[in-house]
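Here are a few short exercises to work through with the coordinates open. Try each task before reading its solution.

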Amino acid sequence: MLYIANARENDAMVVLQRQLLEEAQHQSELNHQRIAQMYRMQERLRKRFIEVNGFIKDCADKKRTAETIIRQQEAQHDELTKGIDEFKRSISVLNAFRTDLKATVREFEPYERVLDEVVEKSDIFVSPKDCLDRCDALMLAQVEINELENKKLQEIEEMRLRMVKITNEAALTVLGLKNDLAKLERSYNQSRALGLRWETTLSLCKDTISNNDLDKDRALDGLQILYRMLCKRRDLDAHFNRRDVEKTVDFIKREIELLNLVLRELEKSSTKGSKSAPQDGALCGAQL
């Protein structure tokens with residue numbers, strides 16, 4: 001019974017599964033159809049979007065072009081408006097000039113009649129225009145003469161100013177040379193005084209050096225004489241010359257020490273016969 005029940009339940013489940021599978025297949029087919037429809041719709045929308053986007057870009061370009069044209073037209077309109085205003089002002093100025101010219105013509109009509117009478121009665125002038133041309137030529141010549149006169153006067157003034165400038169520069173140059181000469185003179189006097197002082201100093205140094213050399217020569221001569229006297233006293237030959245100062249002084253020092261020792265020995269002696277020796281020693285000390 002359990003098996004029968006399970007088999008029936010299994011059959012029912014198989015039937016249900018088959019139905020569900022069929023429904024799932026049907027639903028899958030519907031989904032595929034919907035997806036295909038959606039792809040077709042997406043493609044149509046993409047094409048439509050491209051068309052609309054291109055239309056929008058064309059509209060934007062046309063808008064920009066229209067705005068540029070509008071700005072150009074506005075600028076041209078402003079320029080034309082300014083030109084019209086200028087022409088209006090020119091026309092008003094010309095109308096005023098026309099009125100003034102008519103008044104001037106009416107004012108100079110008597111002069112014109114006088115000029116015609118002068119030309120008729122004169123043999124010099126051919127026509128009023130000839131008379132006016134000659135008058136203009138005279139006026140231009142007078143103007144040129146005045147300009148030439150002013151130019152020459154200006155050139156003369158420039159020459160005068162140039163001469164004044166050159167004179168001032170020369171005066172400044174002479175003054176500077178005088179100052180330089182005074183500086184050089186002061187420097188010369190200072191150098192001369194300094195040279196005299198140095199000459200005095202050098203003369204003093206020269207005299208001092210000469211005196212020192214003389215004293216040195218005298219001292220060397222004295223040492224040489226004393227050395228020869230001591231050598232002669234001891235019956236020795238003088239081997240040291242004048243340039244051997246150290247050896248000469250050492251020899252004299254030894255001899256003096258020896259003489260001092262002899263004097264001390266003689267002073268200790270109390271005999272009467274020994275008094276002659278101290279006298280000789282004293283004589284030698286006096287000679288030293």
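## Exercise 1: Charges

Task: How many positive and negative side chains does the chain have, and how far apart do the centres of the two sets lie?

Solution. Start by counting: there are 49 positive side chains and 51 negative ones. Then take the centre of each set; the two centres lie 9 Å apart. Keep in mind that you're working on a predicted model here.

## Exercise 2: Overall form

Task: Is the chain more spread out or less spread out than a compact globule?

Solution. First, the secondary structure: the chain has four helices and zero strands, which reads α-α-α-α along the sequence. Next, compare radii. The globule rule gives 19 Å for 288 residues, while the radius of gyration of this chain is 73 Å, well over that value, so the chain is more spread out than a compact globule. For the spans, the C-alpha trace covers about 180 × 165 × 30 Å along its principal axes.

Now look at burial and surface. Buried residues account for 7% of the 288 residues. The accessible surface is about 25600 Å², and 59% of it belongs to carbon and sulfur atoms. Finally, take the contacts between residues at least 6 apart in sequence: 28% of these join residues at least 24 apart.

## Exercise 3: The nonpolar core

Task: Which residues make up the largest nonpolar core, and which helix gives the most to it?

Solution. The core has seven residues: Leu226, Tyr227, Leu230, Cys231, Phe251, Ile252 and Leu259. Map them onto the secondary structure, and the elements that give two or more residues turn out to be helix H2 (128-233) and helix H3 (245-268). H2 gives the most, with four residues.

## Exercise 4: Two residues to classify

Task: Buried or exposed: which word fits tryptophan 198, and which fits threonine 248?

Solution. Take tryptophan 198 to begin with; it lies in helix H2. Its relative accessible area is 51%, and exposed means over 50%, so tryptophan 198 is exposed. For a distance check, go 21 residues along the chain to alanine 219: the two C-alpha atoms are separated by 30 Å.

Now move to threonine 248, which is found in helix H3. Its relative accessible area is 2%, and the buried cut-off is under 20%, so threonine 248 is buried. To see its neighbours, leave out residues up to four places away in sequence; threonine 248 then touches Leu223, Tyr227, Phe240 and Asn241. One of these, Tyr227, also belongs to the largest nonpolar core.

Note on methods: Residues are numbered from 1 along each chain as its sequence is written. This is a predicted model: local features need pLDDT of at least 70, side-chain atom pairs count only at pLDDT 80 or more; totals for chains, interfaces and linings use all residues. Side-chain values use heavy atoms; hydrogens and water are left out. A nonpolar core is a set of buried Ala, Val, Leu, Ile, Met, Phe, Trp, Tyr and Cys residues joined through side-chain atoms within 4.5 Å. Buried means under 20% relative accessible area, exposed over 50%, partly exposed in between (1.4 Å probe, protein chains only). The radius of gyration is taken over C-alpha atoms; the globule rule is 2.2 Å times the number of residues to the power 0.38. Contact means heavy atoms within 4.5 Å. Accessible areas come from the Shrake-Rupley method with a 1.4 Å probe; for residues, only the protein chains shown count as cover. Lys and Arg count as positive and Asp and Glu as negative; His and the chain ends are not counted. The place of a charge is taken as NZ of Lys, CZ of Arg, CG of Asp or CD of Glu.
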